[in-house]
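Visitor: I am new to this structure and would like a close look at a single part of it. Please go through that part and then what surrounds it.

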Amino acid sequence: MSQVITFDARIDPALFIRASQLKYQTRTLRKIDWGFQVWSFVTMMLVVFGLGGAAVVTVILTLGMDAVNTLILFLVALPLAYGIWYCYHRALWHTMFKQILASPLYHREMTYRFDEVGFEMSTDGAKWSIAWAMTDDVIADAQGLFLYVGGLIYAIPASDLEPETFESLSQTVQSWYGIAQGDGPWRKT
């Protein structure tokens, strides 16, 4: 038995951002992203301490050695630094996924075929298949069904399917993936 769905492959970059946020819950991809997380944390700390240092210097030059004002200014700088860091990374991910989705591959209809062995994607110019054994994780979310293979994310938007069809597809795909992996219950967010 297999399930086949066809939908427009033009996907909103926000869906891939959601999928990348969910990937931190996966076992294999957490290891892949470790280096980026360290770099990201170091960058955030440099921003925080840079803004904090600027606040301290500003207070010392303008108000003298008033410790209370220095502390208040530093505490104001912390949320500002986090906001800058968050916006920067959100924009980075959005730009990256937007560039990926600009490929001609994503400007046509895509057909997915799922069965006990794995899944296959095809369009008028390309066709590829992946066995469940090569799949790192499958996560069903209210926004879509996400399949993680290596560093790639395959996303099926929930909005492109009838709710009953999406629910049935999600359960079936997760079941096949779980059986192939030897896992018990599948993951759902």
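In which strand is Thr123 found? Please start there and work outwards.

Guide: Thr123 is found in strand E3. The model is a predicted one, and what follows should be read with that in mind. Strand E3 covers residues 118–123. Thr123 has a relative accessible area of 14%, and since buried means under 20%, Thr123 counts as buried. Setting aside residues up to four places away in sequence, Thr123 touches Leu105, Arg108, Glu109 and Met110.

The strand belongs to an open sheet of four strands, in the order E1-E2-E3-E4, with antiparallel pairing. E1 (3–8) and E4 stand at the edges with a single partner strand each, so one side of each has no neighbour in the sheet. On average, neighbouring strands here are turned by 15 degrees against each other, direction ignored. Six bridges pair E3 with E4 in the antiparallel sense. One residue to look at is Gly118, whose bridge partner in E4 is Ala131. Helix H5 packs on this sheet, where it touches E1 and strand E2 (109–114), and its direction makes about 125 degrees with that of E1.

Another residue of E3 is Phe119. Phe119 is buried, at 2% relative accessibility. The structure holds six aromatic pairs. Phe119 and Trp132 form a tilted one, 5.4 Å centre to centre with 40 degrees between the planes. Trp132 lies in the loop between strand E4 (126–131) and strand E5 (137–140), so the pair ties together parts that are 13 residues apart in sequence. Trp132 is buried too, with a relative accessible area of 0%. Ring pairs link both residues into a cluster with Tyr112, Phe114, Tyr154 and Tyr177.

Several of these residues also appear in the largest nonpolar core, which has 38 residues. The members that touch the most others are Tyr112, Phe114, Phe119, Trp132, Leu147 and Ile156. In soluble globular proteins, nonpolar side chains tend to be buried together. Neighbours within four places in sequence aside, the contacts of Phe114 include Met1, Ile5, Phe119, Trp132, Leu147, Ile156 and Trp176.

The loop that holds Trp132 leads on to E5, and E5 is part of an open sheet of three strands in the order E5-E6-E7, again with antiparallel pairing. E5 and strand E7 (152–157) are at its edges with a single partner strand each, so one side of each is without a neighbour in the sheet. The twist from one strand to the next averages 15 degrees. Strand E6 (residues 144–149) is joined to E7 by six bridges, and Val149 stands opposite Leu152 in E7. Helix H5 (residues 163–181) lies across E5, E6 and E7, at about 155 degrees to E5.

Charged side chains complete the tour. A search of the whole structure finds three salt bridges. One is between the side chains of Glu120 and Lys127, at 3.8 Å from N to O. Glu120 is partly exposed at 22% relative accessibility, while Lys127 is exposed at 60%. Another joins Arg18 and Asp141, at 2.8 Å from N to O. Arg18 lies in helix H1 (residues 13–22) and Asp141 in the loop between E5 and E6, so this pair ties together parts 123 residues apart in sequence. Arg18 is partly exposed, with a relative accessible area of 25%, whereas Asp141 is buried at 7%.

Note on methods
Residues numbered from 1 in each chain as written. Predicted model: local features only at pLDDT ≥ 70, side-chain atom pairs only at ≥ 80, totals over all residues. Heavy atoms only, no water. Core = buried A, V, L, I, M, F, W, Y, C linked by side-chain atoms within 4.5 Å. Buried < 20%, exposed > 50% of the residue type's maximum accessible area, 1.4 Å probe, protein only. Contact = heavy atoms within 4.5 Å. Phe/Tyr/Trp six-rings, centres within 6.5 Å; stacked < 30°, edge-to-face > 60°. Helix = DSSP H or I, 4+ residues; strand = E, 2+ residues; numbered from the N terminus. Pairing = 2+ DSSP bridges. Axes fitted to C-alpha atoms, helices over the stretch in contact; angles between N-to-C directions. Salt bridge = Lys/Arg side-chain N within 4 Å of Asp/Glu carboxyl O.
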